[in-house]
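Please open the structure in your viewer and keep the selection tool at hand, as this tour goes from one stop to the next.

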Amino acid sequence: MDTNVVIVGAGPAGLAVGACLRRAGVDFIMLEKAAEVAPAWRRHYRRLHLHTVKSFSSLPFVPFPSDHPRYVPREKVVAYLDAYAERFELRPRFGVTVDTIRRDADGFRVETGSDVLTARHVVVASGNNAQPIVPTFPEIEAFRGKVLHSADYTEAAPYVAKKVLVVGMGNTGAEIALDLAESGAHPTLSVRKGVHIVPRQLFGVPIQMVGIASRPMPQALNDWMFPKILNLALGRLEKYGLVRPKEGILKQIDAGRIPVIDVGTVAAIKAGKIKVAPDIKRFGESGATFVDGRQEEFDAVILATGYRPAYDKFLPAEIRPPKSGVNARASELSLY
């Protein structure tokens with residue numbers, strides 16, 4: 001074997017695994033297709049902060065510095081991850097793209113563009129946001145304005161005084177719309193289906209901690225209680241075009257659907273600084289027609305339509321564990 005463990009990806013998960021292996025004295029090789037650690041955090045839009053409190057967001061063995069704010073901003077997260085890699089002497093092989101991972105007699109063969117590595121264990125830490133999802137929309141090719149995925153959005157400056165359609169109200173879409181509104185643009189959020197929205201802090205308590213505290217409670221009680229509490233905190237949002245799903249918030253979280261953690265978008269919607277529209281029926285040269293019949297002109301469209309892990313490009317289906325951390329038959333392959 002060339003090494004005991006191959007780690008694919010040098011983002012937060014890959015760095016955390018590397019630090020734990022370093023502490024345990026286990027040899028490993030870390031591969032990263034970019035030129036630096038944590039490439040996704042470096043390209044995120046500039047106003048981004050952690051939505052989770054810093055005490056629950058640090059990597060193993062190293063808490064965030066005490067002078068950092070409760071919700072750490074993007075540039076401080078990047079600096080923290082750089083320092084973390086240095087502290088544990090994590091030296092990824094940069095510029096290496098994994099082409100395929102195959103089962104070998106005693107472990108795995110990891111094939112890259114220029115090399116083949118053998119290892120008893122493989123940790124796929126390439127993340128859930130490896131590849132932007134770019135859906136098709138009827139006649140979008142006719143639209144003459146700018147169209148980009150949220151992965152390519154960095155700041156609001158190019159859109160000041162312009163009308164911008166943000167497609168999708170997940171956390172990214174909601175925060176980009178707020179960024180645009182606060183900077184003098186005129187955003188509209190296209191919301192295709194129901195969405196759970198929670199304040200980042202509920203009456204001064206981080207919503208993350210509220211969620212943890214409510215876990216032992218019966219799901220039926222949570223499903224009854226949370227809508228009432230959120231109505232007190234945010235108001236009834238149906239009149240603004242924001243409808244809650246019928247499925248309870250904790251059940252959606254268990255299924256991997258994270259609620260929108262509000263950092264000011266709701267207030268901007270109530271103030272008329274962000275418009276809300278339903279799903280898109282079709283595009284035209286100068287704008288879009290929505291399923292309710294209304295038509296709007298736009299200068300740009302930002303697709304906040306999410307990401308996919310994309311490990312299917314290099315990981316054959318027959319060796320993918322059904323869940324993260326599940327052992328393969330002859331050796332171990334884990335997904336993070």
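Begin by selecting R236, which is exposed at a relative accessible area of 54%, where exposed means over 50%, buried under 20%, and partly exposed in between, for a 1.4 Å probe and protein chains only. This is a predicted model, in which local features need pLDDT of at least 70 and side-chain atom pairs count only at pLDDT 80 or more, while totals for chains, interfaces and linings use all residues. Residues are numbered from 1 along each chain as its sequence is written, and side-chain values use heavy atoms, with hydrogens and water left out.

Next, add E238, which is partly exposed at 37% relative accessibility and forms a salt bridge with R236, their closest N and O atoms being 3.7 Å apart; a salt bridge here is a side-chain nitrogen of Lys or Arg within 4 Å of a carboxyl oxygen of Asp or Glu.

Keep both selected, since R236 and E238 are also among the residues that line the largest cavity, including V195, I197 and L230. A cavity is a set of points on a 1 Å grid over the protein atoms alone where a 1.4 Å probe fits but cannot get out, and lining residues have an atom within 4 Å of a point. About 90 Å³ of space lies in this cavity.

Then move to R91 and E86, whose side chains meet in a salt bridge (3.7 Å, N to O); R91 is exposed at 53%, and E86 is exposed at 51%.

Finally, select D292 and R294, which are joined by a salt bridge of 2.9 Å, N to O; D292 is partly exposed at 45%, as is R294 at 34%.

Definitions and conventions. On a 1 Å grid over the protein atoms alone, a cavity is a set of points where a 1.4 Å probe fits but cannot get out, and a pocket is an open set with protein on both sides within 12 Å along at least five of seven lines; lining residues have an atom within 4 Å of a point. Grid points are joined across faces, edges and corners, and a volume is the space filled by probe spheres set on the points.
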